[in-house]
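Opening the notebook on this one. I want to see how the helices pack and where the charged side chains pair up.

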Amino acid sequence: MKFSIQLSADYPDKTYGGDRVYADMLDQARLADRLGFDAVSLTEHHLMNCLMMPAPLQFAVHIAGQTQQIRIMTSVVVLPLHDMRSYAGEVVVADIFTEGRLMLGVGRGAFKYEMERLGVPMDETRARFDESLDVLQALLTKEEVSWDGQYYQFPPLTIMPRPVRPIQMMMAVMNPEGIYHCTKRGFHIQTTPLSGNHQLLIDQVSAFTRAKEEMGAAGTGLTLSLSRVAHLARNEAEKQRKIKAAHTYYGRFDNVFTGPGTVQNGMIEELPCATPMDELGESLLICTPQEMIDKLAPYAELGVDRVILNVNFGLAAQDTLDTIQMFAEEVMPAFEAQVAAQ
């Protein structure tokens, strides 16, 4: 099982400066590269200070220029916010500039606040995403593509430059049946078990495995990534401090995810987190290194290929760097040893 660091741009204080936020993320990417993490991942969000990354492809290219081997995943870019006729070319250029280290993770968008202010009604996101994905795949794999759909109508055109290699694509999906069908279409999968729901995780992995087995050789190389909020702590006091920070973060995150979407001057209003702090602490992977090994072991046993660790939720930059270092030194070797023993 491999590990990725999610470079989520949390920006609770405007005086800190967006340049410093992204410099911190770049420091995390360089450290993860040196320590042997498999990938870093970037999410796309606009108009707000939570998960603040309006230009993931640009940042992916910048990271590639500052690192040696780490893969760079978008998890995810929001297809309904882009015109696939121009976006396909941007993807090809990003793949060239990252020298094939890019994996394009795609999704439909989850925050009503940003989607509707950018002209995409939430009740249209599924249909727009489905058509956008079909258009994008066609443009990346064929020449002289024309389209006559609900949201796209255009005469024959060819995206230039042409891809120099197949663009790896990853689908963000939680429903086990959706995982099955997306895998059958040849997508890598990113999912999450919703606050550590183990039965859901079993169903998600089973759907992925079933699809790969039915695909035979065509499914070789497809991967299942699991996204979890995570951080390491040396003692109980440090653990509680970090759980408290996560609780505050979720008060803002839930505002735009499931709440009213109250945003002023780009800053999300911090609402009380609906989940009690002790319950949240139980569901998140905020713990000592040995506890982390114990909590991750069932994922490896089930056959999860990669865990994406979201270590960015309002803590100081040094806290995050320390956790990345500690994870590489005290957690990853346990899973490398498992692989060697197989």
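**Helix packing, then salt bridges**

I started with α3 and α5, which are oblique to each other because their angle falls in neither the parallel, the antiparallel nor the perpendicular range. This is a predicted model, so I'm reading computed values throughout. The two helices pack at an angle of about 50°, with their axes 9 Å apart. I noted the crossing of α3 and α5 as right-handed.

Next I looked at Phe-97, which sits in helix α3 (residues 84-97). Phe-97 counts as exposed, at 54% relative accessibility. I found it in a nonpolar surface patch with Ile-96 and Val-164, about 290 Å² of accessible area together.

Then the salt bridges: I get 14 in the structure. Which residue does Arg-165 pair with? It pairs with Asp-95, the closest N and O atoms being 2.6 Å apart. Arg-165 is in the loop between β6 and β7 and Asp-95 is in helix α3, so this pair ties together parts 70 residues apart in sequence. Asp-95 is buried at 2% relative accessibility, while Arg-165 is partly exposed at 32%.

I also checked Asp-27 and Arg-30, which form a salt bridge with closest N and O atoms 2.7 Å apart. They are three residues apart in helix α1, so about one helical turn separates them.

Last pair: Glu-143 and Arg-162 meet in a salt bridge at 3.8 Å, N to O. Glu-143 lies in the loop between α5 and β5 and Arg-162 in the loop between β6 and β7, so they tie together parts 19 residues apart in sequence. Glu-143 is exposed, with 55% relative accessible area.

Terms used: Residues are numbered from 1 along each chain as its sequence is written. This is a predicted model: local features need pLDDT of at least 70, side-chain atom pairs count only at pLDDT 80 or more; totals for chains, interfaces and linings use all residues. Side-chain values use heavy atoms; hydrogens and water are left out. Patches are made of residues with over 30% relative accessible area and no salt bridge: like charges are joined within 9 Å, nonpolar side chains (Val, Leu, Ile, Met, Phe, Trp, Tyr) within 5 Å. Accessible areas come from the Shrake-Rupley method with a 1.4 Å probe; for residues, only the protein chains shown count as cover. A salt bridge is a side-chain nitrogen of Lys or Arg within 4 Å of a carboxyl oxygen of Asp or Glu. Helices (H or I, at least four residues) and strands (E, at least two) are DSSP runs, numbered from the N terminus. Buried means under 20% relative accessible area, exposed over 50%, partly exposed in between (1.4 Å probe, protein chains only). Axes are lines fitted to C-alpha atoms, for helices over the stretch in contact, and angles run from 0 to 180 degrees between N-to-C directions. Angles under 35 degrees count as roughly parallel, over 145 as roughly antiparallel, 65 to 115 as roughly perpendicular and the rest as oblique. A crossing is left-handed if the near helix is turned anticlockwise from the far one by less than a right angle, and right-handed if clockwise.
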